[in-house]
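Student: I should like a close look at one part of this model, with its surroundings described afterwards. Please set out the terms as they arise.

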Amino acid sequence: ANFSDVLAQKVGHLLVVFYDPGSQSFKELAPSLDEAGDLLKLQGFQLAACDAAQHSFLSLQQAPELQSRWQASDSGPFRFDQPNFFPVVLVHYHQGHRIREYHGPIRSDRMLAYLQRYAAPHSGYELQSSDDVRSFIFDGPWPLALGCGLVGSESQNEHAVFNAAARRLHGKLIFART
């Protein structure tokens with residue numbers, strides 16, 4: 001599929017892997033990326049890939065981080081006529097817009113937790129029962145923040161402080177209130 005068409009669909013949360021098929025890091029990470037793609041799809045997220053060697057203009061436009069992280073084909077000193085490779089860079093998009101580079105480990109569970117934090121409501125989840133609280137705390141994804149006594153509270157100040165923290169830390173923490 002065409003990159004512009006994928007972004008134009010304004011899918012929910014999408015991670016795009018910009019990779020160089022000749023790089024050692026991609027060769028080592030490819031099985032983990034395949035596993036992550038399967039898990040993310042089951043959870044309603046998407047993982048797409050762009051060959052940075054074949055689509056270098058698009059890759060450098062969408063993932064400028066590629067320019068500052070060349071990988072030499074060997075660990076020795078720089079020599080002319082030796083190939084250099086683009087690294088593996090993952091970029092997070094939401095509704096067709098770039099959010100940020102994903103810096104976490106290339107593991108399906110960690111990539112899923114990252115996307116779940118960004119997919120959470122900006123003002124946090126409203127937990128109604130003790131089972132909801134138990135599930136929120138023990139089932140993750142982590143890290144999380146729980147505001148107790150806010151549901152049904154009349155204090156506008158408490159709500160404002162909680163909502164401001166939830167907006168400021170959105171994507172880093174998942175918030176909920178009881």
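Student: In which sense do β5 and strand β6 pair, and over how many bridges?

Tutor: β5 and strand β6 (residues 97-102) pair in the antiparallel sense, and five bridges join them. Strands are DSSP runs of E of at least two residues, and helices are runs of H or I of at least four, numbered from the N terminus; two strands pair if DSSP finds at least two bridges between them. The model is predicted, and local features need pLDDT of at least 70, side-chain atom pairs pLDDT 80 or more, while totals for chains, interfaces and linings use all residues. Residues are numbered from 1 along each chain as its sequence is written, and side-chain values use heavy atoms, without hydrogens or water.

Within the pairing of β5 with β6, Leu-90 stands opposite Tyr-102 of β6. The two strands form a hairpin with two residues between them, and there Gln-95 adopts a positive phi near 50 degrees. β5 also pairs with strand β1 (residues 13-19), again in the antiparallel sense, over six bridges. In β5, Val-89 is the residue opposite Phe-18. Strand β5 (residues 89-94) has five of its six residues buried, so the rest of the structure largely encloses it. Buried here means under 20% relative accessible area, exposed over 50%, and partly exposed in between, with a 1.4 Å probe and protein chains only.

Elsewhere, an open sheet of three strands follows the order β7-β9-β8 with parallel pairing. Its edges are β7 (125-126) and β8 (144-147); each has a single partner strand, so one side of each lacks a neighbour in the sheet. β8 runs parallel to strand β9 (residues 174-177), and four bridges join them. Ala-145 has Phe-175 in β9 as its bridge partner.

Helix α6 (residues 156-168) offers a further example of burial. Its 13 residues reach 18 Å from the first C-alpha to the last, close to the 18 Å expected at 1.5 Å a residue, the expected span being 1.5 Å times one less than the number of residues. His-159, Phe-162, Asn-163, Ala-165 and Ala-166 are the buried residues in α6. These residues lie on the same side of α6, because they cover an arc of only 160 degrees around the axis; the arc is taken from the directions of the C-beta atoms from the helix axis. On the face turned away from the buried side, α6 carries the exposed residues Gln-156, Asn-157, Val-161, Arg-167 and Arg-168.
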